[in-house]
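Colleague: I am new to this structure and would like a close look at a single part, the charged pairs. Could you take me through them slowly, and then set them against the chain as a whole?

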Amino acid sequence: MSEYKIPEEYYFRIHHVRPRFKGDIENVLIYVAEELARVGEKPTDEFVNSVNDALYQYPGNSHRELKTINNWRTEISALFGFIEHTDTTDKPGRRAIELANNQDLVESFKIFLYNFQYPGAHIKPKNVLEQIEAGVRFKPAQYILQLLRFANKDGGNSVGITKFEVCHCIFNDLRVTRDNEGVEATWKRINDNRKNKMEYDQTGDVVRYAGDIIDYMEIANLLKTYDSRTYYLNTLEEETIIKFCESTEWFSEYDEMITARSGDIEKVKACTTGWFSYVNRDIQDTDFSTDILAFIASDEEELKELKKSSHADGRPDLREFLDREEALEARVEGYLESFTTKDIGDIGEGLVHGHECMRVKLGGREDLIHLIKRIPTQFAVGYDISSVELDERKRYIEVKTTISSKPLHFNRIHLTKNEWNTASSTHDRYYVYRLLLSKKERKLFLLQDPVGLYKADKIDMIPSDGADITFDPSKVGEFEELLTWKN
C-alpha cells in the first residue's frame, strides 16, 4: 500500500485554536458560560480578573499558573465567541448567555458549527492573513454534510467518512478550501483512494484540526459513529442538516482581501470586532433547539417507536386527570401536541412529572397521583412541580435540566432568589432534581433541603442574583433511576 499525498500545489494546512481542555469540553463550556453570565459586563481589567477567579475554581485548576488560566479564557473567547469586547469593557456574548440559560450543549455546538469558517478571528491575525493570502474561503461543517449527503444520495446513511479522509481530502486541500471544488469530485477522490487501498498519515498532530471539527459535529448530533473511526450522517437531524447545507451565511469582511489574495495585519485586526459580533448575532430565524426524541433515539426505527407512544418521554397521560389540573390545561394540551422541545426546562419538568407519578404508584398510593402538579412559570412560586410523599406530606421540586452529548458533572446548581427563598421557607420539603439528558443515558440527582445543607456546612453557596451551589455528590444528595410512567 502507498500513502496518499496531496499534490504540492494544492497543499495548505488550515487550523484553528485547540482548547487544552478538549477532552472535557462540554463540562468546561457550560461552566464558563454560567460564570460569564454571572460576571456580566465590566471594565476590561475587572472582567478579566473575575473570569480568571472563576476559572481557578474549576476542578483541577486551583494550582495552575496564571498563564494557563489566561490561555483557557482566551481560547474559549476566540474559538466559541463567548466574550465580546468594547473599547473599555468586556461582556459575555450572546452565545454564552444562551448556553447558560438554555442548558443545551447540543444546540450550542450546532450554532458554533453553523457560524464557523476559515478565515475567522478564532486564530491570531498573522495566521488569518496566511489563509487570506492562500485564498481560503471555507465552511467545514457545511462542506462535510454536503459531501455525505451526496455520498448517500440514494437515501439513508450507510456511507461514512473517516477523520483521516476529512483531513487529507478536504481540510488540507486547496481544491476544496480555496477553489470550492464540488463534492462530487472530492467524493470520487476519496472513493478512488479506497479502491486503490491508499493509506493516510494518521499522526495526531496532522489530523487534529479536522478531527476537532468531526468531534464537534458528533457532539452537535449531526454525525454519529459506532467505532470512533467512521462517521455517518445522523439522518434523524435531517431538517438541521438541510439548513446547514443550504445556508448562504458568511462573514464577509475578509472577502475583499481574499479576492485580492493580499492584505495586511492592521486590516485583519480591524475585522476582529466584526467577527465576534457576527458569531454573536441574533439567529432566531434558524432554530437549532434540540428535538429530544431525535436526540435519544439511535435510529429511525427507534424514533418511530417512540413517536407511537404518548408516554414515550415518561409523561403520564395527563388527560386522565386534566379536570383536576385546570390551571395547567393550556400548557399540558400544548405539551401533548409535540415531541420537539423549544424549552429544555419544559421537557425536564415533563420527565420528572412522569417520574413522580410512577414513584407514588409503585409505592402503592396511586390515589395520590392527582396531587402531583406542574406549576406554570408565571405563578413564580419558586418550584416547578408540587408533588407528594407516600404519607401525603408535600414535596416541592425545582427541576434543573441539561442536554449534552456526554454525561456532565453534577456538582453545580444555580437557584434564583425566589427559588432560594422558597427553599428556605419549606426546609426539608424542598428538593432540587438535577436531570441530565445525554445520548446514552438519563441521569437524575436529588438534592433535598439545600438551605439546610448550606447552614450545616455540607454544601457551598455563593450569592449571585440568587445562589450558586456547589457540592460533592458522593457526600450529599443521591442518584435515582428516572422512572418512566406506565399506565
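Modeller: Asp 173 and Arg 175 are joined by a salt bridge in this predicted model, with their closest N and O atoms 2.8 Å apart. Buried means under 20% relative accessible area, so Asp 173, at 0%, counts as buried, and Arg 175, at 15%, counts as buried as well.

A salt bridge between Lys 400 and Glu 419 can be read in a similar way, its closest N and O atoms being 3.1 Å apart. This pair links distant parts of the chain, since Lys 400 belongs to strand β9, residues 394-403, while Glu 419 belongs to helix α20, residues 417-426, and the two are 19 residues apart. Lys 400 has a relative accessible area of 18% and is therefore buried, and Glu 419, with a relative accessible area of 9%, is buried too. Elsewhere, salt bridges that share partners bring Glu 356, Arg 359, Glu 389, Arg 395, Asp 428 and Arg 429 together into one network.

With Glu 165 and Arg 194, whose salt bridge has its closest N and O atoms 2.8 Å apart, the link again runs between distant parts of the chain, from helix α8 (residues 163-171), which holds Glu 165, to helix α10 (residues 183-195), which holds Arg 194, 29 residues apart. Glu 165 counts as buried at 5% relative accessibility, whereas Arg 194, with a relative accessible area of 36%, is partly exposed. The structure holds 37 salt bridges, among them the pairs described here.

As for the chain around these pairs, it has 487 residues, of which 56% are buried, and it contains 21 helices and 15 strands. Of the contacts with a separation of 6 or more, 71% are between residues 24 or more positions apart.

The largest nonpolar core has 116 residues, and those with the most contacts inside it include Phe 82, Phe 109, Ile 170 and Tyr 254. Helix α1, residues 25-39, gives the most to this core, with nine residues. Tyr 254, leaving aside neighbours within four places in sequence, is in contact with residues including Pro 119, Val 128, Ile 132 and Cys 271. A second, separate core of 25 residues includes Val 352, Leu 435, Leu 446 and Leu 483.

Notes. Residues are numbered from 1 along each chain as its sequence is written. This is a predicted model: local features need pLDDT of at least 70, side-chain atom pairs count only at pLDDT 80 or more; totals for chains, interfaces and linings use all residues. Side-chain values use heavy atoms; hydrogens and water are left out. Helices (H or I, at least four residues) and strands (E, at least two) are DSSP runs, numbered from the N terminus. Buried means under 20% relative accessible area, exposed over 50%, partly exposed in between (1.4 Å probe, protein chains only). Contact means heavy atoms within 4.5 Å. A nonpolar core is a set of buried Ala, Val, Leu, Ile, Met, Phe, Trp, Tyr and Cys residues joined through side-chain atoms within 4.5 Å. A salt bridge is a side-chain nitrogen of Lys or Arg within 4 Å of a carboxyl oxygen of Asp or Glu.
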